[in-house]
Amino acid sequence: MKTSKNFGRGKRIAVSILALSLISQSFIGSAFAAEDSTNENYFFEANNVHSDEELWEKAQNGDEEAKAKLAEMKANRLEASATKHNLDAMNEILTATTYADYRADNEDRGRVKATKTITVNAADFDKEATAKHFGLEKYDEAAAEALAYWPDVKADGYVEGWDGESLLTYDDGRVYWTFTIPEDGLYTIEADYYPIVDDKDTGVTVGNKSSIERILLIDGRVPFDEARYITFTRNWIEDYTPAGYVQPTQFFKTGTSLTDADNDPAIEFSEEDKNVQTGDTTHTRDAGRYFKYDYYGNEIRPQKVEAPKAMKQLFKDANEFYDVPFEFYFTKGEHTIALDSSREPLLLKSFTFAPAAEVVSYTEYEKANSSKKAPATDKIVKIDAEFMTATSEQVIYPLNDRTSPITDPQHSSAIRLNSIGGEKWQLAGQWVEWDIEVPEDGLYYIIPRYMQNVNAGLFSTRKIYIDGIEPFTEARSIRFEYSDEWTTRPLGGDVVVGKDEDGKDIVERKDFKFYLTKGKHTIKMEVVLGDMGEVILRINESLQRMNEYYRKILMITGTQPDAYLDYNFDNLIPDVLSGMRSEQKLLENASADLERLVGEKGDQSVTLDKIAYLLDIMGNDQDKVAANLTNFKSYIGTLGTWLLTARNQPLTLDYILVVPAVEDYYCPKANAGFFKNVKHEFSAFMNSFFTNYNSVGATEELNDKEGVLEVWITTGRDQAQIVRQMVTEYTNQGALKNDPEGYPAVNLKLIAGGTLLPATLAGMGPDVSMDGDPVSYGVRNAVLNLNERWIHEAKNEDGTPKYYTKADLDQVKKRFAPAAFIPIEVYNPDYIPVGDDLDEYYSVSLYGLPDTQSFPMLFYRKDIFAELQNELGDKDVKVPETWDDLYSLIRVFSDKNMEIGLNTGLMQYIMYQNDVPWYKGDNVASEGMATNLDSDEALDAFKTMCDFFTQYQQPYTYDFANRFRTGEMPLGIADYSLYNQLTVFAPEIKGLWEFVQMPGTQRTGIDENGETYTYIDHTAPAGVGAVMVMKDTDKIKASWNYIEWWTSEEIQGRFGNEQVAIIGTAAKYSTANTNAMKSQSWSSDEKRSLEQQFKYLEGTPMTPGNYIVGRNQNFAFLSVYNSGTTPSDAMQTYISDINKELSRKRDEYDFRIQEETLTEYKEEQEKRLGVELKYLGELAAKEEANKK
Amino acid sequence: MSEKTLAKNQPKPKLRKDMTMLQWTIRNMKVNWRGYAMVAPYYVIFLTFTIVPVILSFVLSFTNFNMLEMPRFVGIDNYIRLILDDDIFLLAIQNTLIFATMTGPFSYLLSLLFAWFINELTPKFRSVVTLIFYAPSISGQVYLIWQVLFSGDQYGYVNGILMKMGLINAPVLWFSDANYIMPLVIVVALWTSLGTSFLSFIAGFQVVDKSLYEAAAVDGIKNRWQELWFVTLPMMRNQMMFAAVMSITGAFGFGAIITALCGFPSPDYCAWTIMHHLEDYGGSRWEVGYASAIATVLFIIQIAANTIIGKMLSKVGK
């Protein structure tokens, strides 16, 4: 047992005050620590040794386990080595046409709409063709069914509302359908689908609720580029919806106040009320509010529930650049289509090939309804927009708007989820649906209270469906103009009312009158790009071409072109110059169109004009190209950013009214008067002094309550909120498992970073901390060692384990890659074996459980590699699998003035891939005693790394994301989380890049028969974040249960999904739980790469004094880079410094130091602990034997 | 009762000589309690947040304190190690003295000089120029502009220009190269440190009574230098003292800017100051005992520097 170094609480407080004042006085500790970690980040990480020779030796001695391990290792290694990065698909993409070209081509050829409709049942898929794609020679039922992604035919009645069989296609693989088209013509394709998540037959969860994506192939090829991203939406509802949910439609009489903050009954409510509201999920406060309330009277955001149902969707552009669905040309006769899975499984019922639906114009719609009247009712229908019936995505959830006192309902301090949309509802294809109850037949105006205050100078567009149908063409793009105030105005738009004498359309703005019958109707609003779509599409294509031109010029000039050198562009790249000239005209047109659309000349048109001007200069005078290249690049960047914003169509809605369309129709004021605003703002300000912002969402007052588990978290507020909503489940397990004490209520506190240290010092720390530095706190006795025998073996009176057992711990450990534990484990100098048990298991302390994990991967631009391959052949250019491949690429790249993005972590990668450990030491007691950077292998790796920057002159400082985007750096190693950044901020290169496992080192392995084989070792170092239990806790069991619960697959997966749902794709969570990580929304290719990399992870031990290694390694590198010192000399200079510091630090914490023999160390420890340490004795004996 | 007894029972007259120093003080404090009550808030805060930490830090410097466990008394081990077994500390002292000289006296004199020149300008023009000089020190992290200028990327301004001119072929890592760090950091330090002293000098020049110049002229001042030395400077001794203290403290505490520019630690500790050493041991290595010893040394150096400055300033005008 660990001898207690703790001291009384009273003393601790005294010490804490002094330390606190010291901290405040003398250092900016945390800021520096942060600096420290970023600087030395790449040196920081990992290692464990898995020697083939050792295993083989064991295997020879008849160890079956070792044999099995060897066989398994071989299989894994060969599988990973066999990966070839295929760029064929990329070539196809590069040569692909866009839908605009496809459509134009069809028009040119005079192809017209078909008249007939056919339906193809999904279950009748082409088994032969599909089997062929799966690599089978011939379709054979048994063989096919055995395949992992072979589609499943589901029986009749599998989905409610469908008759006949359906087909389950998985998130990988491809399915073909063959059918006969009755006549030549243009067809739209509509799929009847069901967004499946759980397979009812097998009970297996096959999907993970992210967006569904397929590649469409017609007759074996992708007809146009956009067909690569056919997406299908899902159906999300709120958690209160399922149980007999009725959409709260409210009726008002004309003239009564619709929105009045003063009347909001939520402001005061009794203790009794609170209990009802917090405990009961179905409780409604009053008619129309379905939310739950927290202890403080805030409305709690309801959980989103996916409610899969039978849905229909036309194949259309995922970006909504075109406001109509795709029309495909088919000749009469037999054809095939295929859907290739990119993301998520999909249950398909049928495809309907039909001519595009006719939609009338508003003028015709109005004419058709001319006999109809506005109803003579004074009833106004009102729906609070936050009570939608369904949404397409999880991200669209009720928001709290504070900008206006009359947003309904409003409260000066508590959170009212009073609106929907905002920046959560801005991407093409996202829709929201409401149900309304119409009192009488007749013509109505639909009046939303809305605000678009994000995209200045632009408008947001929505497509309106009434009962699932577009009522008229104008409803395809209804505009919501920018304003920093709320607006109430009937839905309307520009309508062509006639022609003037020049034959030009006369356009007039009209408020649309919708004819609605009595009863229930659905209003659906979908984000589209509307009129902007076409212009944005043109600019987007232009941008892609300009990026290409930039790269081509760059390949000739390099990044610092000489303005006075004659590069002879006219001869070298005449196509680029002529391309620039034609691009200039396109951009000028786009700029004019944009100006016409928006109605004014905004920054966007100016940017376009500037680029056009620049293109004019560069395209017409080759001598100006080099001089203007830098400008050109920065303009392209600006344009890319602008496109990103222009594609976003944010819109916030407060409520929707359906008002009889009479002459003086009712339209409420959109904004509050001056005094109302002042009153609201003032009371909000006053209330801000009394509001507990850190506990928002807590269902009871937990501060200072006995028996509550205190958990600290330092993330953002949103994340804390998610965790807070999830912890109730933890507490609920107490009742389920009949162990309320093991699962107490959790008081989750959101604290500022850096609070943990002083709080722990003062003895006022939490039970569990969700962030922190486990080993640093651990060796100083502030964190509970989870690997402690007395904990594992403690028993209750009835003999049941008091806390948790060794088996429990081992079970939990299986959730993670073994490497994840290395940085949070360290040798335990206080370990005292019990009796004769020499179990080394307990000689290592484990100071927490990993929850996040990061590791590097190789990012590359597929398009550039494909281009280079076409030019130079795929012998010289291939995606590097080994470092040799990568080094040989440098030559190719430098010819083209392109670079490779590597960092100084390269040394560590190479060391780990060769099983060279970071520290010297043969056993657990000596690990970390001395650095291994002076070993021959490490010095070689160091030299290789230095050469990369010095001899090969690759850049040391650079912004990878940016250069990757422009293509200057088409290859680089970065943390895999860069994926998030690139997906969100560089949409123009969507599909043109991917990440794959790290380049590796060729090695020889031994298989179970003792034979050798070669494979590539792709090891990468992994860093982890961990949750830890504080030593002071008096709730070991509850704390353990909490970290066990938190790191479980389900909770980690849910947390990841929720975080993406609430914050967006950029916030993808890097969980350390292997299964939870795979269950996040990766495409099948990405998942494969990640899984492969997961097999090759290492951790760097965090032993006392570890910071000194990275620091000095960096010094050594800089001295090579800056002063040209010989690498090995440079490194040797620092070795003694490193080892000295390691020894000093180790000595401080009673670890063995380099100057001691194990026997000496053993004696010292025995003296200190007063016990005979047999296991150290055994290690010492081994060491002696090894020496001889 | 006898007279004697009566005399004995008479209350003793409260005389200073009959009391100990302590009694006397307490008595006077009781009499003047209102005054003490008024200064109490300041003193409580000053004691808790300045005096106590300084003393505690001094006490801690004789212990081995790892931030989370009870400190262990180690005598003067920390000081011995600091002076005899810590090469980097000696390097830090050297660097700190260089920085202190540059940002202390040198920038002090520069400020004085500039302030004197600028004081001659017309008020409108003067306020503009004052703003220009003072801006770097008020606008917080504006020194990061240097990082953009001297970025190690080939797109960094200086690298870009030099490469374009053909003076260098590969980008220079300005802030990671031991050869350039010191000069660059000194320039930045000078640039940012001008502010406060400069402002107080400007203020000082404004308060000098104009009639004194006339009087001095009558007394036989011959030139502007004499005017400066015998009239202006003695009149603004307070401002000078303030500026001096500020710049000395600033000079020794100069660390954050270096960290922001060169990283922590700076390559090869080449721009390592005592502050850095303190932060390294206190913040990264969690050796608060040792860090306290460093702090104590720094404290002594600062006190010494301030005393010397005070002495020197008292010579002004004499």
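**Exercise 1. Work out how the radius of gyration of chain B compares with that of a compact globule of 318 residues.**

Solution. Start with the yardstick: a compact globule of 318 residues would come out near 20 Å. Now take chain B in this predicted model: its radius of gyration is 27 Å. Next, look at the box around the C-alpha atoms of chain B, which is roughly 110 × 70 × 30 Å along the principal axes. Finally, check burial: 36% of the 318 residues in chain B are buried.

**Exercise 2. List what chain B is built from, and find what share of its contacts join residues at least 24 apart.**

Solution. Count the elements and you get 15 helices and two strands in chain B. Then keep just the contacts between residues at least 6 apart in sequence; 68% of these join residues at least 24 apart.

**Exercise 3. Decide how helices α5 and α9 of chain B are set against each other.**

Solution. First, place them: α5 covers residues 87-119 of chain B, and α9 covers residues 178-207. Their axes come within 7 Å and cross at roughly 45°. An angle that is neither under 35 degrees nor in the 65 to 115 range nor over 145 counts as oblique, so α5(B) and α9(B) are oblique to each other. As for the hand, α5(B) passes α9(B) in a right-handed crossing.

**Exercise 4. Say which residues meet where α5(B) and α9(B) touch, and sort them by class.**

Solution. On the α5(B) side, pick out residues including B:Phe99, B:Met102, B:Leu110 and B:Phe114. Across from them, α9(B) brings residues including B:Ile186, B:Leu190, B:Phe198 and B:Phe205. Sorting the whole contact by class gives 16 nonpolar, six polar and no charged residues.

How values were computed: Residues numbered from 1 in each chain as written. Chains lettered and ligands numbered in written order. Predicted model: local features only at pLDDT ≥ 70, side-chain atom pairs only at ≥ 80, totals over all residues. Helix = DSSP H or I, 4+ residues; strand = E, 2+ residues; numbered from the N terminus. Rg over C-alpha atoms; globule rule 2.2 N^0.38 Å. Buried ≥ 20, exposed ≤ 12 C-beta atoms within 10 Å, placed from the backbone. Contact = placed C-beta atoms within 7 Å. Axes fitted to C-alpha atoms, helices over the stretch in contact; angles between N-to-C directions. Left-handed = near helix turned anticlockwise from the far one by under 90°. Nonpolar A, V, L, I, M, F, W, Y, C, P; charged D, E, K, R; others polar.
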